[in-house]
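Student: I would like to take a close look at a single part of this model. Could you walk me through it in one go, starting with how far I can trust it?

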Amino acid sequence: MKLVLSEEQRELRTAVRSFLAAASPLPKVREGYDREVYARLNGELGLSGLIVAEEYGGAGAGFAELAVALEETGAALLPGPFLSTVFATIALTEAADKELLSGIAEGRITATLATGPLDRVINGMEADVLLVPEGDVLTAVELDGPGVTRTPLETLDLTRGQASVRLDGASLRALGPVPGGLGDRLAVALAAEQLGVLRASLEAIVAYAKIRVAFGRYIGSYQGVKHKLADMHCKLEQAESIVRFAAWAADESPGELPQAAALAQAYVGRACFEVARDHLLLHGGIGFTWEHDAHLFYKRAKADEVLLGPPRIHRSRLAELLEL
Amino acid sequence: MNLDEYQLAARAWLEENAADDSPESDPVVRSKEFMAKLYDAGYSGITWPERWGGQGLTQAEERAFSTAARDFTLPIYVFSIGLGMTGPTLVDRGTDEQRERFVRPLLRGEEIWCQLFSEPGAGSDVASLQTRAVRDGDGWVVNGQKVWTSVAHHADWGLLLARTDVEVPKHKGLTMFVVDMRHPGVTVRPLKDMSGRSNFNEIFFDDVPIPDEHRVGEVNDGWSVAVTTLLHERLSISAGVGMGTGRDDPTALAALREVVDTSDPLVRDELVELHIRNRALALFNQRLAQETKAGIFPGARGSAAKLLLAELTLYQADLGTRLVGPDSVVDGHPLSHAISLSPAMSLGGGTNEIMRNIVGDRVLGLPPEPRVDKTVPFKDLKVGTQG
């Protein structure tokens with residue numbers, strides 16, 4: 001089991017982090033999806049093709065690397081169809097559609113995956129292609145093609161849109177089998193993003209606690225604040241350990257993946273929301289304002305926690321896998 | 001020999017030698033015999049310098065041995081303070097004469113050590129301690145009281161932190177000594193803890209002499225020596241040296257699932273929560289271990305692991321009793337013992353509040369609390385419990 005990043009993985013993290021800090025800072029995040037940023041993200045860093053096999057023009061990397069990238073896009077609250085394209089790429093594992101995969105790897109095509117009913121599809125307005133599992137078969141539909149109507153939804157999360165998609169005579173192209181363990185792999189990918197949201201929330205409030213003064217002292221010097229931050233750090237340490245484990249299981253240990261994935265969503269999803277919530281609260285009144293960024297993290301954390309279903313499903317999956 | 005071979009060899013040796021075949025014999029005698037065998041086999045003081053009796057190997061071999069030893073309960077409890085805290089302190093900070101005199105006999109299981117820092121008036125704030133060591137000719141004379149001293153009733157030597165100057169601020173007037181626990185001026189009184197056991201003691205010093213050669217570090221520099229010891233303490237707690245496997249833990253999921261009604265969805269959800277918390281901490285500990293192996297020193301992050309373990313211990317015993325119900329608190333039920341014992345981890349080795357301060361200050365770099373006790377001479381400071 002590998003829980004510590006390699007030299008190359010640390011370099012990848014640094015590269016993605018510094019790129020996003022420059023190209024997609026929070027004021028820009030509020031403006032929404034920017035194709036220019038994606039073009040550079042994919043062109044300069046090759047992120048869209050990270051887990052696409054080399055034969056289709058990707059980097060052929062594993063979940064360990066993917067988790068590093070998603071942690072950073074999560075921490076930056078990168079808007080647009082990045083996670084949704086990752087979801088679609090994961091779904092294409094066994095239905096290796098050459099045109100789609102090479103398009104994704106080149107950054108020409110963005111995609112999304114129906115993880116529930118079509119009346120709420122993440123990034124449904126931005127993505128070019130929608131993948132829909134129909135029973136055991138993965139199908140694809142061009143979202144700007146005939147017979148497709150998409151309507152933007154008003155979403156809690158201001159940094160990730162959803163759309164209601166209506167298919168009326170649109171042609172669904174059958175691609176191949178839906179890969180086994182798809183839900184587990186989506187759960188791990190999402191947990192990596194949540195780890196990033198958690199980390200960024202904690203970093204933001206720790207930084208504020210070092211400069212904000214009340215009653216003549218920095219608020220971070222009060223145990224009422226400091227102890228809460230210490231507990232939040234403990235959640236971060238455990239969340240990171242679980243994400244590394246789950247990513248390793250996805251790459252190397254399929255037998256452990258179902259439990260690891262359910263654990264990742266059950267623990268990291270909750271921890272991420274709790275830390276985002278407490279980071280907002282510890283900011284005081286300013287944290288409740290529209291202009292402050294705290295609510296962006298809070299809302300992303302909540303939207304992520306329920307993205308794959310009500311969180312209890314991950315707990316009942318664990319109960320099942322533990323044969324309780 | 002590569003690491004895997006080292007671990008296999010250690011395991012084979014343990015299977016041969018760590019079997020507890022004479023449970024009726026005196027536990028201290030048994031511990032001493034086992035330590036002597038451990039030393040002869042080259043598994044005592046694995047990372048300690050060869051010059052003082054150690055093996056001069058690395059953390060990697062130490063971890064390999066710990067892994068091999070996971071399924072055994074090594075009878076080395078009476079040496080845990082010496083091996084985990086006082087011995088490493090002497091290796092780090094002692095004089096060559098002190099290392100020569102004390103380290104090898106510890107590693108061979110000939111001498112038992114205890115650590116004498118805490119006092120009735122100085123727990124979390126141990127630097128406010130009041131036991132005095134006063135110059136007496138070439139040496140020192142000690143008077144005062146210590147508390148929470150594990151294995152003191154078996155100890156030959158103690159590592160003692162005492163006040164040598166009351167005119168300076170509290171951290172600057174402390175000195176570290178090695179004290180002879182067999183001296184008649186040392187009274188050891190067992191303290192019964194809330195679980196009914198007597199694993200620790202209170203100690204009274206009445207005019208106990210200490211030669212100056214037994215001073216560790218400079219006069220009034222004892223605090224920096226104590227910090228070394230406390231660092232080793234936290235490391236040895238989180239490393240779990242000599243700890244059992246938890247196979248017999250009545251609060252663990254494996255035990256609870258056998259005795260509760262798992263068809264009840266509420267019970268199932270509680271057990272899932274127990275599993276989640278266990279896995280989260282276990283994976284964190286494994287990540288810290290892998291980082292250490294890779295040369296990344298965990299430092300104060302070890303305090304986060306200790307805090308989480310303390311909270312998990314409280315939670316598990318509490319959950320176990322709630323799930324099992326009335327049976328759990330009568331007739332010597334193992335959970336009854338577990339719930340009585342569970343606060344220990346939150347108090348010993350630094351309370352949860354102190355751990356949170358450490359994580360906040362040293363991991364997150366938060367501003368320290370304003371302190372009134374850093375500049376005032378000790379004699380003008382309020383200490384202990386005052387009305």
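What pLDDT does chain B average, and what percentage of its residues score at least 70?

Tutor: Happy to. The model is predicted, with local features needing pLDDT of at least 70 and side-chain atom pairs pLDDT 80 or more, while totals for chains, interfaces and linings use all residues. Residues are numbered from 1 along each chain as its sequence is written, chains are lettered from A, and ligands are numbered from 1 in the order in which they are written.

Chain B averages a pLDDT (the predictor's confidence in each residue, from 0 to 100) of 92, and 95% of its residues score at least 70. One stretch to handle with care is 241-245 of chain B, where the pLDDT is below 50. Beyond near neighbours in sequence, that stretch has nine contacts in the model, a contact being two C-beta atoms, placed from the backbone, within 7 Å. Where pLDDT is low, predicted coordinates should not be read in detail. For the model as a whole, ipTM is 0.96 and pTM is 0.91.

Now for the architecture. Chain B holds twelve helices and eight strands, taken as DSSP runs (helices H or I, at least four residues; strands E, at least two) numbered from the N terminus. Its C-alpha trace spans about 75 × 55 × 45 Å along the principal axes. Of the 387 residues of chain B, 39% are buried, meaning 20 or more other C-beta atoms within 10 Å (12 or fewer is exposed, in between partly exposed). Take the contacts in chain B between residues at least 6 apart in sequence: 71% of them join residues at least 24 apart.

An automatic or database assignment divides chain B into domain 1 (3-107), domain 2 (113-222) and domain 3 (246-363). The centres of domain 1 and domain 2 of chain B, taken over C-alpha atoms, are 26 Å apart. Where these two touch, domain 1 of chain B gives 15 residues and domain 2 of chain B gives twelve. On the domain 1 side, helix H4 (80-93) and helix H5 (96-107) of chain B are the elements that give two or more residues. H4(B) has the largest share there, with eight residues.

Next comes the packing inside. The largest nonpolar core (buried Ala, Val, Leu, Ile, Met, Phe, Trp, Tyr and Cys joined through C-beta atoms within 7 Å) has 131 residues, and A:Leu66 and A:Val188 are among those with the most contacts inside it. Helix H7 (residues 182-209) of chain A brings the largest share of this core, 17 residues. Among the residues that A:Leu66 touches, leaving out those up to four places away in sequence, are A:Leu50, A:Val86 and A:Ala192. A second, separate core has 60 residues, and B:Met85, B:Val103, B:Ala133 and B:Phe205 belong to it. Two of these tie back to the domain picture: B:Met85 falls within the range of H4(B), 80-93, and B:Val103 within that of H5(B), 96-107.

Finally, the partner chain. The contact between the chains takes 33 residues from chain B and 30 from chain A. On the chain A side, H7, strand E9 (217-218), helix H8 (223-252), helix H9 (257-282) and helix H11 (312-321) each supply at least two residues. H8(A) makes the largest contribution to that side, twelve residues. H7(A) thus appears twice, in the largest core and on the side facing chain B.
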